[in-house]
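Visitor: Please take me closely through one part of this structure, the charged side chains and the partners they meet, and then set that part in its wider surroundings.

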Amino acid sequence: MLWVDKYRPKTLDQAMVHQDIALNLKKLVAEQDCPHLLFYGPSGSGKKTLIMALLRQIFGPSAEKVKVENRNWKIDAGNRTIDLELTTLSSTNHVELSPSDVGFQDRYIVQEIIKEMAKNRPIDTKGKKGYKVLVLNEVDKLSREAQHSLRRTMEKYSASCRLILCCNSSSKVTEAIRSRCLNIRINAPSEEQIIKVLEFIGKKEGLQLPSGFAARIAEKSNRSLRRAILSFETCRVQQYPFTSKQAIPPMDWEEYISEIATDIMKEQSPKRLFQVRGKVYELLVNCIPPEIVLKRLLHELLKKLDAELKHEVCHWAAYYEHRMRLGQKAIFHIEAFVAKFMSIYKAFLIATFG
Amino acid sequence: MAPVLQSSQPWVEKYRPKQVKDVAHQDEVVRVLTNTLETANCPHMLFYGPPGTGKTTTALAIAHQLFGPELYKSRVLELNASDDRGINVVRTKIKDFAAVAVGSGQRQGGYPCPPFKIIILDEADSMTEDAQNALRRTMETYSKVTRFFFICNYISRIIEPLASRCAKFRFKPLSEEIMSSRILHICDQEGLNLDSEALSTLSSISQGDLRRAITYLQGAARLFGSSICSKDLISVSGVIPQEVVDALYAACKSGNFDLANKEVNTVIAEGYPVSQMLSQLFDVVVEADDIPDEQKARICKCLAEADKRLVDGADEYLQLLDVASNSMRALCNMPQEFSFES
Ligand SMILES: Nc1ncnc2c1ncn2[C@@H]1O[C@H](COP(=O)(O)OP(=O)(O)OP(=O)(O)O)[C@@H](O)[C@H]1O
Ligand SMILES: Nc1ncnc2c1ncn2[C@@H]1O[C@H](COP(=O)(O)OP(=O)(O)OP(=O)(O)O)[C@@H](O)[C@H]1O
Ligand SMILES: [Mg+2]
Ligand SMILES: [Mg+2]
């Protein structure tokens, strides 16, 4: 088992970061009448961990006995039937899924599953919760329609089914949904907190950490706890005992993007653009999300540019990323950004050096 | 379905008014509907207005008061965006429902029970135009035996021919006084202690949306116990602390791009919603008395652009960085035009 999973706290009491939130969550579910919840915050900050611990708090150890299923839905849409397939994770008391995986037909899934859960409502006996929980991941990727169709359903079935929604950016969740939930912000842990977790894992694994080693990993993690733990484990595999000078290996794809940035700073020509296109393709084929590619590229370029160019380049990055959302083929827009950059940079070089 | 225990419902549901007369702040519609209860007749209705102002509540209340629990199922059909499986389904459902005849209008068990059925179309603004057009015919066909209640947030998304067939009622955002009195009522019932500062904070952060106010109140009550202060409410509401907004604004004023970039990164890492940040930045900029109107206008323009892009699903970091960069150029009188664009 990877360390990220092995050292994921199972209960709210074991949380090593976000302890205050964990404590609050405990109070929140002490009564029967807990509202719907919306967890939001950056990637790798610990949302999922808290949600799983919360389920355990509500339903006890049975919440951990989950089965993974590939479920099929046949939905009657008047003159035709829609077939949908989606992976769900469920225990006796909860179901978890990422409805946005089925694309624009996500709303059917959302509706179907909520009604289904409401039908087999658990009886409200002593010591048991009178409701089930539906965990929806990546709600920021839900279509508008799916979000709209959640509105009334959330109210109608609120006695028998509580929703726990999870997402990275709550700006993409409609006002109507946010107003129906208690919003819980999970911020990225600070570097000190990350160091604490790394040292804890080191101790459990019986490792000797040179001073400042955990701090260097934390610094490179961009405040993502998941990322820090992953690179800690990678270091362990690459070289142990650790040395104080040991390099913290960057992610492959990040290095690759850094190369792209160097490439386009060196030469601005159609030929170079062609080469870069190949590299961008390579990244996309390896499932690096296009907006991450664009953001990372901007990050690398900003490190190298004069102040007066920074404004211009960040403007175009924002412009093309937006266009990418509206369009269909991400590669076009990334390439357009690269071409734009080349043209700006070339003009700058000519103006400065003649 | 098993009977629902009161205690297991969130407060928003627990304190949903059951009678039309208890709906606060929407006097016009309450007056008309109270009249309906006496005459046992009403026109088609269209309720519109922002979230959490009582639209669904009012429609459900009048339906219950007209027919009582016995007849409710056979006389009232509630459809919402979730049931909308294309117009064919909606039409069939309505047809099947409307086709079963109702008896003559006789009071039963103390309820007026008028001789028509009610069809509530909640969230009607998410219906396509085609679907709405198709509904026109349906409405006419069954006009003798049905009354339609359309509910929506945006009246502009309802096609004119439908809207013009209805009596229209706008639901206003709740005023701070009304909001306060509803909140105090709940505090009373739940045994909570709310000081006056907390009360006015709650009214102002929920911006006329009573649902939101109640959810915050319950959240704060569960997290911080029965004595609630203003700070507790802010922390459950998702409002960004003023220091954070000020720090970003100050970074923009400094003219240092890297500093602004760092602040933007912090906002993202802390998980603050960028849409919220934009609206709080807007307040700061509009209220600032040390910058000329022209600069304000330039900043507002880029806030508007970013807001639209966020709705389209654009990346939060890039949009906020773009806003910061634009604001910096406006505040520091840097050239607005780019120098190297071809
Ligand atoms: N409270 C915590 N205490 C200790 N370790 C934690 C805590 N929360 C998370 N972690 C560690 O961080 C890792 C990442 O957390 P998690 O999977 O919950 O992130 P996430 O917010 O769901 O991220 P994403 O948005 O990318 O899905 C976990 O595998 C776990 O090892
Ligand atoms: N005018 C009001 N008087 C009393 N309570 C209200 C009023 N408006 C809203 N509420 C409270 O807020 C909750 C939500 O109200 P309701 O469902 O009627 O909102 P809505 O106008 O239909 O909003 P949406 O457009 O989001 O569907 C109710 O359960 C009730 O507790
Ligand atoms: Mg996760
Ligand atoms: Mg409603």
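Guide: B:Lys308 has a relative accessibility of 46% and therefore counts as partly exposed, a value that, like the others here, is computed from a predicted model. The partner of B:Lys308 in a salt bridge is B:Asp312, and their closest N and O atoms lie 2.8 Å apart. B:Asp312 is likewise to be classed as partly exposed, since its relative accessible area is 23%.

A second pair within chain B joins B:Glu190 to B:Lys14, with 2.7 Å between the closest N and O atoms of this salt bridge. B:Glu190 belongs to helix α7 (residues 176-190) of chain B, whereas B:Lys14 belongs to helix α1 (residues 11-14) of that chain, so the salt bridge ties together parts that stand 176 residues apart in sequence. As for accessibility, B:Glu190 is partly exposed at 23%, and B:Lys14 is partly exposed at 29%.

The third pair to look at is B:Asp209 with B:Arg212, whose side chains meet in a salt bridge at 3.7 Å, N to O. Here the relative accessible area of B:Asp209 is 5%, under the 20% cut-off, so this residue is buried. B:Arg212, at 15% relative accessibility, also falls under 20% and therefore counts as buried. B:Arg212 has a further partner in the other chain, because a nitrogen of Arg within 4 Å of a carboxyl oxygen of Glu satisfies the rule, and the side chains of A:Glu175 and B:Arg212 meet in a salt bridge at 3.3 Å, N to O.

That pair leads to the boundary between the chains, where 12 salt bridges are counted between chain A and chain B. Over all chains, the structure holds 43 salt bridges. Some charged residues are joined in a network of salt bridges, which links A:Arg152, A:Glu155 and A:Arg180 with B:Glu13, B:Arg16, B:Glu78, B:Asp122 and B:Arg211. Polar contacts across the interface, taken with both residues at pLDDT 80 or more, amount to 28 residue pairs. On the side of chain A that touches chain B, helix α13 (residues 307-326) of chain A gives the most, with 15 residues. That side of chain A is made up of 27 nonpolar, 20 polar and 29 charged residues.

The extent of this boundary can be put in two ways. Counted by residues, 76 from chain A are in contact with 71 from chain B. Counted by area, chain A and chain B bury about 6,500 Å² between them, and 53% of that lies on carbon and sulfur atoms. Within chain A, the residues that lose the most area to chain B are A:Asp33, A:Arg152 and A:His311, which together account for 11% of what that side buries. A:Arg152 is thus met twice, here and as one of the members of the salt-bridge network.

The stretch of chain A that includes A:Arg152 deserves a brief stop at A:Ser149, which is found in helix α5 (residues 144-156) of chain A. With a relative accessible area of 1%, A:Ser149 is buried, and its side chain reaches the backbone oxygen of A:Ala146 at 3.0 Å.

Turning to the surroundings, chain B is divided into domain 1 (26-170), domain 2 (176-237) and domain 3 (242-332). The C-alpha centres of domain 2 of chain B and domain 3 of chain B are 29 Å apart. Chain B contains 15 helices and 7 strands, its C-alpha trace spans about 75 × 55 × 35 Å along the principal axes, and 55% of its 342 residues count as buried. Among contacts in chain B between residues at least 6 apart in sequence, 74% join residues at least 24 apart.

Chain A, for its part, is divided into domain 1 (3-185), domain 2 (191-238) and domain 3 (252-353), and 37 Å separate the C-alpha centres of domain 1 of chain A and domain 3 of chain A. Chain A has 14 helices and 7 strands, and buried residues make up 56% of its 354 residues. The C-alpha atoms of chain A fill a box of roughly 80 × 60 × 30 Å along the principal axes.

Conventions: Residues are numbered from 1 along each chain as its sequence is written. Chains are lettered from A and ligands numbered from 1 in the order in which they are written. This is a predicted model: local features need pLDDT of at least 70, side-chain atom pairs count only at pLDDT 80 or more; totals for chains, interfaces and linings use all residues. Side-chain values use heavy atoms; hydrogens and water are left out. Contact means heavy atoms within 4.5 Å. Buried area is the accessible area (1.4 Å probe) that two parts lose on being put together, summed over both. A polar contact is a pair of N or O atoms within 3.5 Å; within protein, one must be able to donate a hydrogen and the other to accept it, and residues adjacent in sequence count only if both atoms are side-chain atoms. Helices (H or I, at least four residues) and strands (E, at least two) are DSSP runs, numbered from the N terminus. Ala, Val, Leu, Ile, Met, Phe, Trp, Tyr, Cys and Pro count as nonpolar, Asp, Glu, Lys and Arg as charged, and the others, Gly among them, as polar. Buried means under 20% relative accessible area, exposed over 50%, partly exposed in between (1.4 Å probe, protein chains only). Domain bounds come from an automatic or database domain assignment.
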